[in-house]
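Visitor: I would like a close look at a single part of this model, namely the surroundings of the bound molecule, and then a connected account of how that part sits in the rest of the chain.

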Amino acid sequence: MQLANIVNDERSTSQLIARLQEVKDQLAAREEELLHAMVTRRHLHNTIQELKGNIRVFCRIRPSSEDESAFDDSNLAIDRKGEFAGRRLEITPPDAPKKYDFTFDRVFAKKDSQKHVFDEVSLLVQSALDGYKVCIFTYGQTGSGKTYTMLGGKGEERGLIPRSMEQIFASQSLLESKGLKVSITATLLEIYNEDIRDLLASSPGAKIEYKIKHDDDGNTRVTNLCEVEVFSAAEVESLMQQANAARAVAKTNMNDRSSRSHMVMRLCLDGVNEAGEPIHGALNLVDLAGSERLSRTGATGDRLKEAQAINKSLSSLGDVIFALASKEKHIPFRNSKLTYLLKNSLGGDCKTLMLVNVSPSLESAQETICSLRFAAKVNSCALKSAPSSKTKK
Ligand code: ADP
Ligand code: MG
C-alpha cells in the first residue's frame, strides 16, 4: 500500500516537473515574442515619425488678452475643411492690400489646450526614449506664448517640459520593471550675447569658461557645465525653478532678459533598449529669445548688442536647417553658439520640431507675418527633406 503511494507520488512529481518545464518554455517563447513586438514597435514608430517628416513645423496662436485689440477668427483663419484642414492659416492684416496664407504640419488655434499640443509632441519624446536625438524649439516674438508653451502653469496648464518629464519617467519605470535601466541626465543653460551661462551652477554669476565639445560618437558635452542625474519629475521641476531664478533680469521696453536669451534644457537618455542595444537619446527643449526686430525694442548700446546677437543666432538656426534639408556639403553650425551646441541633434535621423508662436494682437501683425515667413521657410525645408517616395502627412 505504502509502496503504491510512493510510486504514485513520484509519477505526479515527474508530471509536475514536466509541466513546469512546459510552462517555462511557453514563457520564454512569449518573452521572445514580446521582445520582437517591442523592437517592431520602435521600428514602426520611427517609420511613422520619418513619414511625418524629421523636420516638422507647428504654429500656435495664443488667446488674446483683454487689453489688446486682436484679429478675429475671420481674419486670422484656420482651414477647417479640405486637404489643409488644421494646417493652413490665412491672415488678413488691417489695411493690407492682400491676404497671406501659410501651410504647416499643424496649426493650433487660440482655444487649443496644452494637452492638445503635447499629444503631437509626445511622439517625439518617444523617439528620444528610443535613442534618437530630438530638438524642440519655441520661436516667436516676445509675448507670443513661447514660455507658456514650454513651461506653462499649474494643472491642466502644464507645458511641454513638465509633460515630457512625466512621459519620460513613466517610461523609465516601465523599462525598469523589465530590468532595463535608463539614466536621465539634465543640463540647463542659457545663451546670452553668444555666451553660455550655466543655470544650474551653484554660483551662476561666476566667470567660468564653457567650451562645447563634440566627440566622434556624436555626443556633445560642455566643459564645466553641471550635469544632474534626475530621478523624478518633481526633481526636474525644482531644477527649473533654480534655473528661472538664475536667469538675470535686465529690462528692455519689451520684456526682461529671459526674453533676450535662448534657454536650452537638455536631457540625455542613456541605457539599453529591449533588444539589448545601447541607446543614447537626447531631448533638447529650447525656449528661443524673442524674434522681434530692432525697431520694436527701441534698442541702443547693450540692448542693441543683444538684439544683434539674437538676430544672428535665429537666422543661423534657419540657415542650418535649410542647409541640412538641401543636403549641402557645408552646414554652417559654427555661425552661432546655439547651432554649434546642437550640432549632433540636428540633421540625419534626428528629429526637429519648430513650434512657431504668434500673437493675435493687431499691433503685432507685422511681427506675426515675419514669424510666419520664418516658419514657412523652415517648412519648405521640411518638405524638401521628406522622403519623396513617401506621402507626407
Ligand atoms: P513669450 O515667452 O513668448 O514672451 P509668454 O509665454 O510669456 O510669451 O506669454 C505671454 C502671456 O500670454 C503670458 O501671460 C502667458 O501666460 C499668456 N499665454 C500665452 N499663450 C497662452 C495660451 N495658449 N493660453 C493662455 N495664456 C497664454
Ligand atoms: Mg518667454
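Which polar backbone atom is 3.1 Å from an oxygen atom of ligand 1, and to which residue does that atom belong?

Guide: The model is a predicted one, and within it the atom you ask about is a polar backbone atom of Gly145, which is 3.1 Å from an oxygen atom of ligand 1. Two further backbone pairs belong to the same topic: a backbone N or O atom of Gly143 lies 2.7 Å from an oxygen atom of ligand 1, and a polar backbone atom of Tyr148 is likewise 2.7 Å from an oxygen atom of the ligand. Taken alone, ligand 1 exposes 560 Å², of which the protein buries 67%.

The residues around ligand 1 include the run Gln141, Thr142, Gly143, Ser144, Gly145, Lys146, Thr147 and Tyr148, and they are completed by Arg60, Arg62 and Pro63. Sorted by class, this shell has six polar, three charged and two nonpolar residues. Among the elements of the chain, helix H3, which covers residues 146-150, gives the most to the shell, with three residues.

Helix H3 also holds Thr149, and this residue leads back to the shell by way of a side chain. A polar contact of 3.1 Å joins the side chains of Thr149 and Arg60, and Arg60 is itself one of the residues around ligand 1. Thr149 counts as buried because its relative accessibility is 1%, where buried means under 20%. Leaving out residues up to four places away in sequence, Thr149 touches Arg60, Gln114, Thr138, Gly159, Leu160, Leu355 and Asn357.

On another side of the shell, Pro63 is found in the loop between strand E1 (55-61) and strand E2 (76-78). Not counting residues up to four places away in sequence, Pro63 touches Glu68, Lys110 and Pro360. The C-alpha atoms of Pro63 and Leu362 are 13 Å apart in space, although 299 residues separate the two in sequence. A comparable pairing of distant sequence positions concerns Pro93 and Ser364, which are 271 residues apart in sequence and 9.8 Å apart in space, again from C-alpha to C-alpha. Pro93 lies in the loop between strand E3 (88-91) and strand E4 (100-103), and it counts as buried because its relative accessibility is 8%. With residues up to four places away set aside, Pro93 touches Phe71, Lys98, Tyr100, Ala365 and Ile369.

From helix H3 one can also move to the nonpolar interior. The largest nonpolar core has 53 residues, and those with the most contacts inside it are Phe137 and Met354. Beyond four places in sequence, the residues that Phe137 touches are Met150, Val286, Leu288, Leu317, Leu342, Leu346, Thr352, Leu353, Met354 and Leu355. Apart from the largest core lies another, of 40 residues, among them Phe58, Leu129, Met150 and Ile168. Met150 is thus a member of this other core, while it is also touched by Phe137.

Leu129 of that other core is also one of the residues in contact with Gln167, together with Phe118, Ser122, Val125 and Gln126, when neighbours within four places in sequence are left aside. Gln167 lies in helix H4, which covers residues 160-177. With a relative accessible area of 19%, Gln167 is buried, and the cut-off needs mention here because buried means under 20%.

Turning to backbone geometry, Asn193 has a positive phi of about 50° although it is not a glycine, and Glu194, also not a glycine, has a positive phi of about 70°. Asn193 has its place in the loop between strand E7 (182-192) and strand E8 (195-198), and Glu194 is found in the loop between E7 and E8 as well. Asn193 is partly exposed, with a relative accessible area of 24%, and Glu194 counts as partly exposed at 22%.

As for the chain that frames these details, there are nine helices and 14 strands, and 49% of its 393 residues count as buried. The C-alpha trace spans about 105 × 55 × 45 Å along its principal axes. The chain exposes about 19,600 Å², with carbon and sulfur atoms supplying 53% of that area. Among contacts between residues at least 6 apart in sequence, 69% join residues at least 24 apart.

Definitions and conventions
Residues are numbered from 1 along each chain as its sequence is written. Chains are lettered from A and ligands numbered from 1 in the order in which they are written. This is a predicted model: local features need pLDDT of at least 70, side-chain atom pairs count only at pLDDT 80 or more; totals for chains, interfaces and linings use all residues. Side-chain values use heavy atoms; hydrogens and water are left out. Helices (H or I, at least four residues) and strands (E, at least two) are DSSP runs, numbered from the N terminus. Buried means under 20% relative accessible area, exposed over 50%, partly exposed in between (1.4 Å probe, protein chains only). Contact means heavy atoms within 4.5 Å. A residue is near a molecule or strand if one of its heavy atoms lies within 4 Å of it. A polar contact is a pair of N or O atoms within 3.5 Å; within protein, one must be able to donate a hydrogen and the other to accept it, and residues adjacent in sequence count only if both atoms are side-chain atoms. Accessible areas come from the Shrake-Rupley method with a 1.4 Å probe; for residues, only the protein chains shown count as cover. Ala, Val, Leu, Ile, Met, Phe, Trp, Tyr, Cys and Pro count as nonpolar, Asp, Glu, Lys and Arg as charged, and the others, Gly among them, as polar. A nonpolar core is a set of buried Ala, Val, Leu, Ile, Met, Phe, Trp, Tyr and Cys residues joined through side-chain atoms within 4.5 Å.
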